[in-house]
Amino acid sequence: MSESQIVLEAKGVTKQFPGVLANDNVDFDLRKGEIHALLGENGAGKSTLMNLIYGLHHPDKGEVFVNGNHVAIHSPNDSIAAGIGMVHQHFMLIPVFTVAENVMLGDETTKRGSLDHLAVAAKITEISKQYGLDVDPNALVGPLPVGIQQRVEIVKTLYRNAEIVILDEPTAVLTPQEAEDLFRIMRDLTARGVSIIFITHKLKEVLAVADRITVMRAGRVINTVKPSETDSAQLANMMVGRQVILTVDKKDHEAAEEILKVEGLTVRDQRNLETVHNVSFTVRGGEVLGIAGVQGNGQTELSEALTGLRSPISGKVTISGKDLTGKPPRIITEAGLAHIPEDRQRHGLVLSYTVADNMALCDYYQIPFSVRGVIQPKALDENSRKLISAYDVRTPSPFVNAGKLSGGNQQKVIVARELSRNNVKLVVANQPTRGLDVGSIEYIHSEIIKMRDRGVAVLLISAELDEIMALSDRIAVMYRGQIVAIVDSKKTTREQLGLWMAGAHVEPA
Amino acid sequence: MDFKRFGFITLIIIVLFSVVVMVGQAKQPPLLIITSMLATTIAVATPLTLGALSGVFCERAGVVNIGIEGMMLSAAFFGWLGGIYMFQIYDMEAGISIALGVIFAILTGGLMALLHAVLSITFKVDQIIGGTVINILAVGLTGFLNRQLFFGKGSVFGGSVPSSPGVLPTIHIPIKELFSSVCGASTACLENVQAINRVFDQKPIALGAILLVFFSHYVLFNTRWGLRTRAVGEHPQAADTVGINVVKMRYANVIIGGMFAGLAGAYFTIESVPSFEPLLTNGRGFISLAAMIFGNWTPIGAWAAALVFGASQAMLINMQIFRDVIPPQWSFLQESYIVGLTPYILTMFILTGIIGKTTPPAADGVPYEK
Ligand SMILES: Nc1ncnc2c1ncn2[C@@H]1O[C@H](COP(=O)(O)OP(=O)(O)O)[C@@H](O)[C@H]1O
Ligand SMILES: [Mg+2]
């Protein structure tokens, strides 16, 4: 592989965003027919580099060469013409268009002024056959499962005759089985001479599929290595810049009495579709129940129903025997709930309030924060200073707006507020580490385990299977709004969970 | 257009027509009343249809346009004024002056839309505020110029409104001529054919609007331009990543939309009556928006909705036409303000979403940032 020709090369690429040097003099190359993984933490600058190569952003400095020739890329039109295709981290598909319309958009075939759907569909079918990318050209894109949407994105690049395909975090939204399928497609593509840049922050994946691995950190390329010459620990060190502990340190648990009890819970979403059907489970004090599942299988509505943000249609929710079904968040919070919400910026913080104010959002109306209805700034200030140092929140002062902090520190503000309250009996943490850097992830994981060891019940909802496996004592799998399995985390495997997440009703071995 | 909404539209039109037939049937045959209603409906729905098309193009591309009212009003004024200038000052023939007036109106609409585009696309001003600016500007500008040019002391036209070149002629579609032979000697039959012919004898903007509805529908859903327009209104990032220039597409569609509103303005002062009065559009721009919404942002749907509003207006007009023949127990309908409010009540009713919610383009009203 190493002998083949270089098809794409970026030299000295630099890009400054307000406040961050997203790419700092980056060199990168791609050889014909290889899978070159670009590995790095969130915010390392991977997407930025690709957006620069693809022409969505313009570099401050640096050049791009395709097949040895310098190309000036001003817009995606130029990169598409140079044979570069990109599947973005967030899909660039129009839900109300059909597959064929999405594929042809920007490169339409017309017949006497009308869009020629038939010709486009024929070409899509041909590409599907050639690369094993099964898609129905006439299906609407919106209702398609994400795995299929991703295929549509890949078909889009091939439709434009791309010879270089960039896949930006393609596995983030897939089940392990869907990811396997994607890897098969990637190998089929490279076998036919397509070269692939594969972006990810998951170590296992790069070791499994990449021919070469380039690691980025804080806007710089750290190193380029071959999978045969490295291992997870070394890659993790390069990604983070220091020794990282890849496993969470966790003692055996002693589960105590039942804290959260959910019986026959049914919830509808805002479109009035039933997204949680008749779900029952319990969480005891001193244990972590992990809810695994691909995003969009009802986890959001489930956690909203448990935390008072949404009223269930039927069923019952109790905390320590107290019926809290459909009660407002304040009542549930007072009964002992700590909630780390899925969308920290919308439901976790008031971005335009200071860190100090945000840290008192749950109990600002109580003594010592309020006395006879008047807010006590001194109490807020003291509380926030205490929490900032206890929870290692990196902020210039308690009086900056929460919106100014980085994602990891915003999450720490929420964790500090929720977990520091003294009557907490139950923690509901929904995607608590999504989009965070490794340091913050480690920290938040250890705080969650600390709560569990103190005898608190923890419900952890996450689409990251590794996170679920590392933290949970028991694991429930959600699929299409139902809990399809609940198992002891020591007695199951990734593969088994993956099958359940994909809807296969296989009995545990 | 889903079944429920189409059913509702048909139902309301039938009800409105029935009311007029009922009150007028003592003296007039129903066919005459129905054809008269149809003719009026099509004519008065014209500015609503064009206004709704204006909104469809704009919003399908992702720019909310509540400035249609203002675009219509200024186009009505400047189109009419342009005609007068051509006719009176440049001594052009009446026909040419009228035609140029229509062109002036279209250009005025386009120009006002350009202002809206600059505000909302380039400067990313809140689009509701941008549209409000257009509306206020139009009221102020037309009112001021109208006073200054025609009524001020020492004004250009010396204190009186000069005669305008007139209005667009009716286009006769020869149904009568083609089908009268079928009737043979029956005069009743001849009268019927004549009545039916009246429905189709419309003026050019009214007929043009109907052609534009179908043309726009075709463009929006079957051509490259339409696909790209809808793409930038649904998901501009996605359009950008396949090399479509989002800003250009939005500008173009907003301006096209403005030109439709301009043509709607021409309807008032060049097709309907040859005079201008301040605020003459009287909320028609906003009713057009309701039609656009009820028509689910499609040209044909919007047209159907515009016909409902047209029918409710036609009901009022026909009540006036048949004034002498209305039996006394119904005469309250003529005076009642409630009847005059019908189009507005319908608007509110439709916008409550009782008859099913429609879905705007996903990126409607959202400025595009990379
Ligand atoms: N459009 C933008 N404007 C400002 N800052 C940005 C923009 N895009 C990315 N950044 C910043 O650049 C850095 C690198 O981001 P990104 O390339 O998306 O990282 P990665 O894809 O490796 O997770 C981050 O700090 C991010 O906040
Ligand atoms: Mg990224």
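Q: Why is A:R480 called exposed?
A: The relative accessible area of A:R480 is 57%, and a residue is called exposed over 50%, buried under 20% and partly exposed in between (1.4 Å probe, protein chains only). A:R480 is therefore exposed. The model is a predicted one, in which local features need pLDDT of at least 70 and side-chain atom pairs count only at pLDDT 80 or more, whereas totals for chains, interfaces and linings use all residues. Residues are numbered from 1 along each chain as its sequence is written, chains are lettered from A and ligands numbered from 1 in the order in which they are written, and side-chain values use heavy atoms, without hydrogens and water.

Q: What makes the phi of A:R480 notable, and where does A:R480 lie?
A: Most residues other than glycine have a negative phi. A:R480 is not a glycine, yet has a positive phi of about 45 degrees. A:R480 belongs to the loop between β23 (474-479) and β24 (482-488) of chain A; such elements are DSSP runs numbered from the N terminus, helices being H or I of at least four residues and strands E of at least two.

Q: Why does A:N161 count as exposed?
A: A:N161 has 54% relative accessibility and so counts as exposed. The loop that holds A:N161 runs between α5 (146-159) and β9 (164-168) of chain A. A:N161 also has a positive phi, of about 60 degrees, although it is not a glycine.

Q: What is the omega of the peptide bond from A:I367 to A:P368?
A: Omega is near 10 degrees, and this bond is cis. A:P368 is in the loop between α12 (355-358) and β19 (370-371) of chain A.

Q: How do you know that chain B and chain A are in contact?
A: Contact means heavy atoms within 4.5 Å. In that sense 19 residues of chain B are in contact with 26 residues of chain A. About 1900 Å² is buried between the two chains, with carbon and sulfur atoms giving 61%; buried area is the accessible area (1.4 Å probe) that two parts lose on being put together, summed over both. B:L227, B:T241 and B:V242 supply 34% of the area that chain B buries against chain A, more than any other three residues.

Q: Why is the pair A:E108 and B:R224 called a salt bridge?
A: A salt bridge needs a side-chain nitrogen of Lys or Arg within 4 Å of a carboxyl oxygen of Asp or Glu. The side chains of A:E108 and B:R224 meet at 3.5 Å, N to O, and the pair therefore satisfies the rule. The count between chain B and chain A is 3 salt bridges.

Q: How many residue pairs are in polar contact across the interface of chain B and chain A, and which elements of chain B supply at least two residues to it?
A: The rule finds 7 such pairs, both residues at pLDDT 80 or more. A polar contact is a pair of N or O atoms within 3.5 Å; within protein, one must be able to donate a hydrogen and the other to accept it, and residues adjacent in sequence count only if both atoms are side-chain atoms. On the chain B side, α8 (204-222), α9 (224-234) and α10 (236-241) each supply at least two residues, and α9(B) has the largest share, 6 residues.

Q: How do the domains of chain A meet?
A: An automatic or database assignment sets the bounds, and for chain A it gives domain 1 (6-240), domain 2 (247-336 + 425-509) and domain 3 (345-422). In chain A, 16 residues of domain 2 are in contact with 15 residues of domain 3. The area buried between these two domains is about 1100 Å². A:R330, A:T333 and A:Y443 supply 38% of the area that domain 2 of chain A buries against domain 3 of chain A, more than any other three residues. Between these domains the count is 0 salt bridges and 4 residue pairs in polar contact. α15(A) gives the most to the domain 2 side, with 5 residues.

Q: What classes of residue form the side of domain 1 of chain B that touches domain 2 of chain B?
A: The division is 9 nonpolar, 1 polar and 1 charged, where Ala, Val, Leu, Ile, Met, Phe, Trp, Tyr, Cys and Pro count as nonpolar, Asp, Glu, Lys and Arg as charged, and the others, Gly among them, as polar. α2(B) gives the most to this side, with 7 residues. Chain B is divided into domain 1 (3-151 + 203-351) and domain 2 (169-202).
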